[in-house]
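Reader: Hi! I'm new to this, and I'd love a close look at the salt bridges here. Could you walk me through them slowly?

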Amino acid sequence: MDHQSAEWRSFLELQKLMILREDIAEWISSELHIPMTQTSLLDELKTGVLVCNIANAVEQAAMKTRDEQQDEKHNIESPVIKTRFDASESKRVCGDGKARLKCFSNATSGSFLARDNTVKFLNWCRDLGLNGAFFFESNDLVNGRNEKTVLACLMEVIRFAVQFGIAPSQLVNLEIEIEKEEAEVIEYEHMETDYEDDGDYGDEAEDDNADDNDDVQQETIISFVEEDCEDVEDEEITAKGDFHKEQDERRKDDDEEEDNDHACDYDDENEEEEEDADNDNDEDND
């Protein structure tokens, strides 16, 4: 069979409806304790009694939840799931004790009483803010038409009932698990993003500390070099001073030696002159 053909799409649509019928029937059997199968569901819905019983079960659970929430000893935590019941569009609060539906339990399929029961259920959904896309006509339920919209509306009621402690159906429970996992993934991604931001900040701080340490080390090295240069300059100055002092002492010694030499020469000359004078005297005496 061609997967793009009308026959294939019709087959898939029937399979989806069968899955929805089976899921809703099991939920009704479990929560309302009314034996139900996916084949008998549509016939049971045609009287309108079943949908009114579903609405009353939700109201009773909501009233119980409200009473328990007012008691400080109880902290009710219900699974979080998206529903098409918009509180901002609702005319009242579910569980306020003012909307228990009085249905005609003796209504038969296709009767006026069955239509009246169905209208009461639709008004109950409208007062609680159900999205208009999930509404159906009373004849759709009574005459077994537009099954897709009828089942979609009941699935929304089940989702809405979960917040009041009523157990979800298998499909709704699967939706809850999926939304929970998606929320965990989103939370993990946020935590990972925050961790990366903190890591970047830590790296920047480490870089700043490293730069500061480098600056300190550089300043220390510069100070050491400057001290060494000062010591070298002092040594050079001292060496120059010692050299000049030594040169001065050498010049002084040389000057003293020259003076001594001149003095010796002068004495020698005097001695020679005295000798010459003595020799001249001796010659005169002769």
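Author: Sure, let's begin with the term itself: a salt bridge is a side-chain nitrogen of Lys or Arg within 4 Å of a carboxyl oxygen of Asp or Glu. Keep in mind that this is a predicted model. The structure holds nine such bridges, and the protein they sit in has seven helices and zero strands.

Take Lys 148 and Glu 13, whose side chains meet in a salt bridge at 3.6 Å, N to O. Lys 148 lies in helix α6 (residues 147–162) and Glu 13 in helix α1 (residues 6–31), so this pair ties together parts that are 135 residues apart in sequence. Glu 13 is partly exposed, with a relative accessible area of 28%.

Next up is Arg 145, which pairs with Asp 140, their closest N and O atoms being 3.9 Å apart. Here Asp 140 is buried, at a relative accessible area of 10%, while Arg 145 comes out as partly exposed at 45%.

Salt bridges can also share partners, and that is how Glu 59, Arg 92 and Asp 96 end up joined into one network. Within that network, Arg 92 and Asp 96 have their closest N and O atoms 3.1 Å apart. Arg 92 has a relative accessible area of 17%, and buried means under 20%, so Arg 92 counts as buried. Asp 96, at 25%, is partly exposed.

Now for some charges outside these bridges. Glu 177, Glu 181, Glu 182, Glu 184 and Glu 187 form a negative surface patch. One of them, Glu 182, lies in helix α7 (residues 170–285) and is partly exposed at 47% relative accessibility.

Methods: Residues numbered from 1 in each chain as written. Predicted model: local features only at pLDDT ≥ 70, side-chain atom pairs only at ≥ 80, totals over all residues. Heavy atoms only, no water. Patch = residues over 30% accessible without salt bridge, like charges linked within 9 Å, V, L, I, M, F, W, Y side chains within 5 Å. Areas by Shrake-Rupley, 256 points an atom, 1.4 Å probe, with all protein chains shown as cover. Lys, Arg positive; Asp, Glu negative; His and termini not counted. Charge placed at Lys NZ, Arg CZ, Asp CG, Glu CD. Helix = DSSP H or I, 4+ residues; strand = E, 2+ residues; numbered from the N terminus. Buried < 20%, exposed > 50% of the residue type's maximum accessible area, 1.4 Å probe, protein only.
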